[in-house]
Amino acid sequence: TVAPPMPDLSACERERIHMPGAIQPHGCLLFCALPSWIVRAVSANAGDFLGRDADSMLDATLDMLLPNKTLHDLRNVLQASMVSGGAERLLDQPIDGGEERYDITVHMSASNAVVEIVPRRGADTLATDPITLVKSMVGRLKRAPTLERFLTLAANQVRAVTGFDRVMIYKFLADGSGEVKAEALRSGLKPFLGLRYPASDIPSQARALYRKQWLRLIPDVGYRPVPLLARSESAADADLSLAALRSVSPVHIEYLKNMDSHATLTISLMAGDTLWGLIACHHSSPRRISSSTCAAAELFGQIFSLQIEAKEQARELLLAAELRKAHDSLMAAMSAEASIFDAPARFDDLIKGMIPCDGFGIWSEKGFVGVGSVPPADAMPDLLRHLGERDPHAPYATGALSRELPSAAAYVAEVSGVLSIPFSRRPREYVLLFRREVVQTVTWGGDPSKPVSIEGRDARIGPRKSFDAWREEVHGQSVPWRPAELQIAETFRISLLEVILNRADIVNTERR
Ligand code: BLA
């Protein structure tokens, strides 16, 4: 059989999501040249909010459309936005002399000011002011004893404040795929906790954008995009990277519909300059939160990001200490008569407790004794020859054996990762730890073997097909060996040398 053609994922990466020429309909957008504040582009729905025909706003100046006081405040907020580099908010404004209140955000796009006006009606209201709220959210995280618990508490807090049905802490892994690390959800929903999703679900230009913009809201995935009206093409193609109302990619909208999600809120999590992950919130019906709630969520995301970074560093240290303990238990269980060299299978749990693996084995003068997932016997000579070319005094690890040793391609499913711990130089002898191919060990979101067919008439790429591409990408790779694991492997190597020396002593004493 012929494999189906690979989806062209580069098409995803090429979509210019920052200039969709349209916005979501829950507010209106004005794109003004500075310093004149002349309106160069306006969303076609602006008339619904500002009481005059949208088309007539083009070439008008903003002071003709907004009260003086509002414009004055807006100028100040714009100054703040130039300093922060992001959009700034002006909350709870009257703009038409009526009862209705609006939240306004403003930011710069090249030499233009982008003004977004969103009515407060129809959005949730917040009882407390955002700063007080965030203080209490952050305060509650202090109680978390572990990183997992910390992430879960954060998910709970965001769910309590935003009211979304499902709040996930989604972490990016080294290969760009991601995993749901923590989750808070309404009872009755199926958990996504622990599921992995391929890198291509969130293409690279979207990630680049999310590094600049901390928060995105889609109140109703069923919305009809509202086009921007403009006299010039350049204004119609305005860069909406930082616009809260930016119309999102239609591919992503289809993805959300497939997930049965009707509204989303997404908050970026940064570690330094890298996008560490996302707080992804979903709701099973349309849901719009106010700018105040957004402000709280955004600030929370920023503080939470800093704490994650610190916690992760502390965790590496803790892990090293735990591995050391596991190592000590393993060594304590070995006696001169019953060491790992004599009966490896007896040490299965202890070895895996020290360094998680799917199989391991001993190669010594007596040959190879393996436990669990190990290379086939006829492949051993080639593997040993390969390992023989490495430093005999240090552990050696790879997470993609077949890339270094082509003959290993024959058994990638069973063994893609190898950690070898040499304990004798001549002849070369090793403890070998093996990891299976990651594809075999990961629980995927959705059923990747049944890609949801969502290709429309225009044959766009559907979300789940990205799994095929990912599988291609990580073919022959295992879960990577962590630095703390390599460190303990070196400690273990030295301990093994001691065991061997002791055995030699006993043998010599018996002979004497
Ligand atoms: C965007 N895809 C996204 C976003 C998420 C996901 C979180 C960011 C949305 C935002 O910030 O508003 C994916 N959502 C997930 C995942 C989970 C989740 C993995 O809840 C797990 C629980 N998507 C595809 C494919 C393409 C694609 C194949 O699957 C390409 C054709 C595109 N995804 C795509 C695009 C965006 C996106 C273009 C950007 C949307 C935008 O901001 O306009």
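**Sheet, helices and cores in a two-domain predicted model**

In this predicted model, β5 and strand β6 (residues 112-119) run antiparallel to each other, and 8 bridges hold the pairing. The two strands make a hairpin with 2 residues between them, and Ala110, in the turn, has a positive phi of about 50°. Across the ladder, His107 sits opposite Val114 in β6. On to the next pairing: strand β4 (residues 88-94) and strand β5 (residues 101-109) are antiparallel too, with 5 bridges. Here Gln93 has Tyr102 in β5 as its bridge partner. The hairpin of β4 and β5 has 6 residues between the strands, and Gly97 in that hairpin takes a positive phi near 75°.

Zooming out, these strands belong to an open sheet of 7 strands with antiparallel pairing, in the order β1-β11-β3-β2-β6-β5-β4. The edges are taken by β1 (22-23) and β4; each has a single partner strand, so one side of each is left without a neighbour in the sheet. Helix α10 packs on this sheet and touches β4, β5 and β6, its direction making about 160° with that of β4. Elsewhere in the sheet, β2 and β3 pair in the antiparallel sense over 4 bridges, and one of the bridges joins Leu30 to Val42 in β3.

The loop between β2 (28-33) and β3 (38-43) is worth a stop, and it is where Pro35 is found. The peptide bond joining Leu34 and Pro35 is cis, with omega at about 5°. Trp37 lies in the loop between β2 and β3 as well, and has a positive phi of about 60° although it is not a glycine. Both features go against the usual run of things, since most residues other than glycine have a negative phi and most peptide bonds are trans. Is Trp37 buried or exposed? Trp37 counts as buried because 21 C-beta neighbours fall inside 10 Å, and the cut-off for that label is 20 or more.

Asp260 also has a positive phi, of about 65°, without being a glycine. This residue is in the loop between α9 (250-258) and β12 (263-271). Asp260 counts as exposed, because there are 10 C-beta neighbours inside 10 Å, and exposed means 12 or fewer.

Back to α10, this time for its helix partner. Helix α5 (residues 130-141) and α10 pack at an angle of about 35°, and their axes are 9 Å apart. The crossing of the two helices is right-handed. On the α5 side, the contact is made by Pro130, Leu133, Val134, Met137, Val138 and Leu141. On the α10 side, the residues involved are Ser292, Ala295, Ala296, Leu299, Phe300, Ile303 and Gln307.

What about the nonpolar interior? The largest nonpolar core has 77 residues, and those with the most contacts inside it are Val115, Ala155, Val158, Ile279 and Ala297. Helix α10 (residues 291-333) supplies the largest share of this core, 8 residues. Another core lies apart from it and has 33 residues, including Leu323, Ala400, Leu432 and Trp481. As for Ile279, once its neighbours within four places in sequence are left aside, its contacts are Val158, Val167, Ile169, Thr266, Ile267, Leu269 and Gly301.

On the scale of the whole chain, the domain assignment gives domain 1 (10-313) and domain 2 (334-437 + 475-511). How many Å separate the centres of domain 1 and domain 2? Taken over C-alpha atoms, the separation is 50 Å.

Last comes Ser339, located in the loop between α10 and α11 (348-354). Ser339 is buried because 20 other C-beta atoms lie within 10 Å, and the label needs 20 or more. Not counting residues up to four places away in sequence, Ser339 touches Met334 and Val499. Ser339 and Arg16 are 323 residues apart in sequence, and in space they are 61 Å apart, C-alpha to C-alpha.

Terms used:
Residues are numbered from 1 along each chain as its sequence is written. This is a predicted model: local features need pLDDT of at least 70, side-chain atom pairs count only at pLDDT 80 or more; totals for chains, interfaces and linings use all residues. A nonpolar core is a set of buried Ala, Val, Leu, Ile, Met, Phe, Trp, Tyr and Cys residues joined through C-beta atoms within 7 Å. Two residues are in contact if their C-beta atoms, placed from the backbone, lie within 7 Å. Two strands pair if DSSP finds at least two bridges between them. Domain bounds come from an automatic or database domain assignment. Axes are lines fitted to C-alpha atoms, for helices over the stretch in contact, and angles run from 0 to 180 degrees between N-to-C directions. A crossing is left-handed if the near helix is turned anticlockwise from the far one by less than a right angle, and right-handed if clockwise.
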